[in-house]
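Student: I would like to go through the sheets of this structure. Can we do it step by step?

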Amino acid sequence: MRDAFSKILTMLAQEDPRITLLSGDIGNRMYDKFKETCPGRFFNCGVAEANMTGVAAGMALCGLRPFTYTITPFVTTRCLEQIRVDVCYHKAPVTIVAVGAGYSYATLGATHHACEDIAFLRALPEMKVICPGDAVEVREAVKAILQQDSPVYLRLGKKGEPVVHTEIPEFEIGKGIIIKEGTDACLLNTGITLPISLEAGLELGKRGISTKVVNLHTVKPLDEELLSSVFSNFPVVATIEEHSLIGGLGGAVAEWMVDQPPFKSRLCRIGSPDEFRHSIGTQSYVRKQIGLTPKAIADRVEESLHKSD
Amino acid sequence: MSASLKKMDLISRRIRRWLVEITNKKRTAHLASALSCVDILVAAYWGGTLQVDPANPDDPCRDRIILSKGHAVGALYAALAFRGFFKEELLDTWNEDGGNLPEHPAPDCVPGIELATGSLGHGLPCGLGMSLALRIQGASSKVLVVLSDGECNEGSVWEAAMMAPAQDMDNLTVIVDYNKWQATGRSDEVLALQPLAAKWEAFGWNAKEVDGHNHGALQEAIGWAYEKDGKPTAIIAHTTKGKGVSFMEDDNNWHYRAPTEEEVVLAHKELELP
């Protein structure tokens with residue numbers, strides 16, 4: 001995902017002189033082409049994310065389109081006040097780009113885990129929150145971001161994630177992408193767990209449960225039309241994310257749901273628990289531990305379906 | 001435009017008179033902080049080095065003046081109104097229900113506000129971003145950021161202070177309103193602020209200490225600051241908190257206190273217009 005981001009931004013920046021890239025001392029060699037083709041528009045801001053975010057806001061207020069880029073906790077929670085005041089309060093079109101969503105950097109320890117970022121960023125007025133599901137969506141998301149003028153949070157994995165889309169989908173901020181149709185259950189995924197959610201949908205199919213799979217890449221603003229439709233048509237709707245159940249996609253959908261006329265559907269929220277990981281392990285190890293595998297997701301959805309019978 | 005020293009003195013008196021009066025009427029806080037930076041703002045808006053045009057406040061090539069110590073916004077609102085950015089009557093709506101003028105500047109709340117501030121330590125990073133953007137755009141515009149001494153507690157100030165010389169930002173200048181007080185104590189005691197000019201120099205800036213109530217000295221320092229030498233400049237302006245009203249000067253109670261009507265009369269006597 002991060003390579004897709006780097007390539008598309010480098011390509012677009014050659015045509016759009018407003019684009020600047022601010023890195024928090026990360027991305028060694030990854031942006032060589034950007035530096036070469038867009039001289040004077042790459043800034044290594046050092047290990048100083050509060051300043052980096054303020055600098056980006058100042059640039060945006062002068063008409064540029066800055067992207068800030070580093071590992072998720074450092075580009076979000078470390079400088080949350082700068083995002084709130086300098087970026088959002090001013091409606092400055094800064095894109096906050098986070099690498100290492102969820103447990104992408106699992107072995108680096110909880111300082112580098114990112115399971116609260118959606119909650120924090122989603123709470124900020126003016127902020128849009130976008131979690132692409134694969135490298136194809138990353139490219140389309142960056143193009144879409146440059147077609148609008150508000151602050152955006154772009155949540156990326158790291159590298160080597162499986163590509164889900166075989167064709168370029170129509171990507172619109174605030175509109176979910178249907179990955180697979182189905183009739184018995186619906187999985188609403190956001191972000192890097194898309195390959196797992198798709199596999200869970202296929203697994204449910206094998207068990208005789210026809211499952212629709214959607215990537216709700218935009219957590220804010222929510223695709224209310226799609227939500228109304230799936231909650232009207234499926235007995236079970238599950239949200240899937242590599243993020244805390246507090247304040248992420250599941251939280252957002254639950255909040256939306258209670259403000260609607262009652263649905264018969266059950267909402268099943270699947271995500272990470274409200275705790276730091278103290279035992280070490282790879283991303284796939286952690287995912288197994290917390291039930292973010294195709295089988296565990298299929299089990300949860302099947303169980304919910306039986307409960308709703 | 002460049003105003004005479006006599007005119008700048010008159011404008012400072014008018015701003016201070018208004019600040020004392022409005023603080024009594026609206027019971028706003030931070031009177032002494034505002035009085036402290038009046039002469040700095042007058043030298044910035046009337047001193048001649050920085051080019052702003054009240055008739056065209058959004059001119060992309062304008063110079064940018066940022067009041068990072070947003071709690072002193074009364075001085076900024078008055079300076080902008082007296083400079084012609086908006087009608088002086090609007091000043092009476094400060095802090096009013098449904099009004100446009102909050103106690104810390106909001107984005108575009110009136111023409112001439114470059115940045116919403118109030119949380120300290122934000123003005124310099126944003127000002128640095130503006131100065132970088134202007135350089136990218138090929139504009140020769142200058143950026144001035146006014147900080148408080150207490151604000152120099154914030155780490156983000158020093159993050160920006162390290163980045164600006166690394167980017168050779170000689171279109172960026174800081175003025176520290178060094179009145180030796182912060183909200184609840186002496187700014188040299190709360191944290192180890194001294195030696196302040198030497199700190200900026202050690203971070204790679206030009207630094208100069210001036211009398212922050214001397215318009216001529218401020219005017220000259222601001223002019224000197226933008227001489228192209230590849231380095232940003234910090235002007236350490238020695239000031240007195242509560243300047244202009246003898247019974248408020250250097251008395252930190254006036255960080256929050258509002259004057260009574262009798263005190264307004266006494267203050268106005270000291271700030272008589274010639």
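Tutor: We will take one sheet in each chain, and the model is predicted.

Student: In which order do the strands of the open sheet in chain A stand?
Tutor: This sheet has 5 strands, and its pairing is mixed. S7 (177-180) and S12 (266-272) are its edge strands, as each pairs on one side only. Between those edges the strands fall into place, and the order is S7-S9-S8-S11-S12.

Student: Which residue is the bridge partner of A:Leu188 in S11(A)?
Tutor: Strand S8 of chain A covers residues 185-189, and S11 of chain A covers 236-244. The two run parallel and are joined by 5 bridges. In S11(A), A:Leu188 is matched with A:Thr239.

Student: At what angle does helix H12 of chain A run to S12(A)?
Tutor: Helix H12 of chain A spans residues 294-308. It lies across S8, S11 and S12 of chain A. Its angle to S12(A) is about 160 degrees.

Student: Now chain B. Why is one side of S1 and S6 of chain B left without a neighbour in the sheet?
Tutor: The open sheet here has parallel pairing and the order S1-S2-S3-S7-S6. S1 (64-67) and S6 (206-211) of chain B stand at its edges. One side of each has no neighbour in the sheet because each has a single partner strand.

Student: Which residue of S7(B) stands opposite B:Glu209?
Tutor: S6(B) runs parallel to S7 of chain B, residues 233-238, and 6 bridges join them. Opposite B:Glu209 in S7(B) stands B:Ile236.

Student: Which strands does helix H8 of chain B touch?
Tutor: Helix H8 of chain B, residues 215-225, packs on this sheet. Its direction makes about 170 degrees with that of S6(B). The strands touched by H8 of chain B are S3 (172-178), S6 and S7.

Student: How many residues of strand S2 of chain B are buried?
Tutor: Side chains in a regular strand alternate between the two faces of the sheet. On one side of S2(B), B:Val143, B:Val145 and B:Leu147 are buried. On the other, B:Leu144, B:Val146 and B:Ser148 are buried too. S2 of chain B is therefore largely enclosed by the rest of the structure, with a buried count of 6 of the 6.

Student: Which hand does the β-α-β unit of S2(B), H5 and S3(B) have?
Tutor: S2(B) and S3(B) run parallel, joined by 6 bridges. B:Leu147 has B:Val176 as its bridge partner in S3(B). Together with helix H5 of chain B, residues 155-166, the two strands make a unit that is right-handed.

Terms used
Residues numbered from 1 in each chain as written. Chains lettered and ligands numbered in written order. Predicted model: local features only at pLDDT ≥ 70, side-chain atom pairs only at ≥ 80, totals over all residues. Pairing = 2+ DSSP bridges. Helix = DSSP H or I, 4+ residues; strand = E, 2+ residues; numbered from the N terminus. Contact = placed C-beta atoms within 7 Å. Axes fitted to C-alpha atoms, helices over the stretch in contact; angles between N-to-C directions. Buried ≥ 20, exposed ≤ 12 C-beta atoms within 10 Å, placed from the backbone. Right-handed = clockwise from strand over helix to strand, strands pointing away.
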